[in-house]
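Open the model in your viewer and keep the selection panel at hand. The stops below each give something to select and then what is there.

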Amino acid sequence: MVAYKAQEVFIQGVTSDGRTFRPSDWAERLAGVMSSFRPGGPRPGSHLGYSPWCIPTNLNGTKCVVVHPDLRTYDAMAWDFVMNFARDNDLQVTEACLLPDAPVPARR
């Protein structure tokens, strides 16, 4: 059996009492604010794509932002901003390991 170490923090678009967080584009907005925090620092045009350390996604129909712990090492204030956003909005936060998608078998 393979043991996986939790490597990311998932901020889920669900409050502690189970309500869906609004506005519906909150994950994209939060990740957009964090776009300049990336390996190697901001570069021209880096605001046009998401940082690999803060990625919006949808898991099982729930909007989420996946935050990589390297963000904390790179800029503790940026990490605190993201975590405080989750806390201030009473969002569910889970530590997990995002696994790659299974390869699609080739057709014969």
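Start by selecting Phe21, which counts as buried because its relative accessibility is 12% (buried means under 20% relative accessible area, exposed over 50%, partly exposed in between, with a 1.4 Å probe and protein chains only). This is a predicted model, in which local features need pLDDT of at least 70, side-chain atom pairs count only at pLDDT 80 or more, and totals for chains, interfaces and linings use all residues. Residues are numbered from 1 along each chain as its sequence is written, and side-chain values use heavy atoms, with hydrogens and water left out.

Keep Phe21 selected and turn to the rings. The structure holds four aromatic pairs; rings of Phe, Tyr and Trp (its six-membered ring) pair if their centres lie within 6.5 Å, and planes under 30 degrees apart count as stacked, over 60 as edge-to-face and the rest as tilted. Add Trp26: with Phe21 it makes an edge-to-face pair, 5.8 Å centre to centre with 80 degrees between the planes. Both residues of this pair, Phe21 and Trp26, are buried. Next add Phe85, which also pairs edge-to-face with Phe21, at 6.1 Å centre to centre and 90 degrees between the planes. That pair links distant parts of the chain, 64 residues apart: Phe21 sits in the loop between β1 and α1, and Phe85 in helix α3. Helices (H or I, at least four residues) and strands (E, at least two) are DSSP runs, numbered from the N terminus. Phe21, Trp26 and Phe85 form one aromatic cluster.

Now select the strands. They make an open sheet of four, in the order β2-β3-β1-β4, with antiparallel pairing; two strands pair if DSSP finds at least two bridges between them. β2 (54-59) and β4 (91-96) are at the edges with a single partner strand each, so one side of each has no neighbour in the sheet. From one strand to the next, the twist averages 30 degrees. Axes are lines fitted to C-alpha atoms, for helices over the stretch in contact, and angles run from 0 to 180 degrees between N-to-C directions.

Zoom in on β2 and β3, which are joined by six bridges in the antiparallel sense. Here Cys54 stands opposite Val67 in β3. Cys54 counts as buried because its relative accessibility is 1%, and Cys64 is buried too, at 2%. The structure holds zero disulfides (a disulfide is a pair of cysteine sulfur atoms within 2.5 Å).

Show the helices over the sheet. α1 lies across β1, β2, β3 and β4, at about 20 degrees to β3. α3 lies across β1, β3 and β4, at about 30 degrees to β1. Contact means heavy atoms within 4.5 Å.

What lies in the largest nonpolar core? It has 18 residues, and those touching the most other members are Ile11, Trp26, Val65, Val67, Leu71, Val82 and Met83. A nonpolar core is a set of buried Ala, Val, Leu, Ile, Met, Phe, Trp, Tyr and Cys residues joined through side-chain atoms within 4.5 Å. Two or more residues each come from β1 (8-15), α1 (26-33), β3 (62-67) and α3 (76-88). α3 gives the largest share, five residues. Select Val82: leaving aside residues up to four places away in sequence, Val82 touches Ile11, Leu30, Met34, Val67 and Leu71.

Finish at Ser36, in the loop between α1 and β2. Ser36 counts as partly exposed because its relative accessibility is 29%. Add Ser51, 15 residues from Ser36 along the chain: their C-alpha atoms are separated by 6.7 Å.
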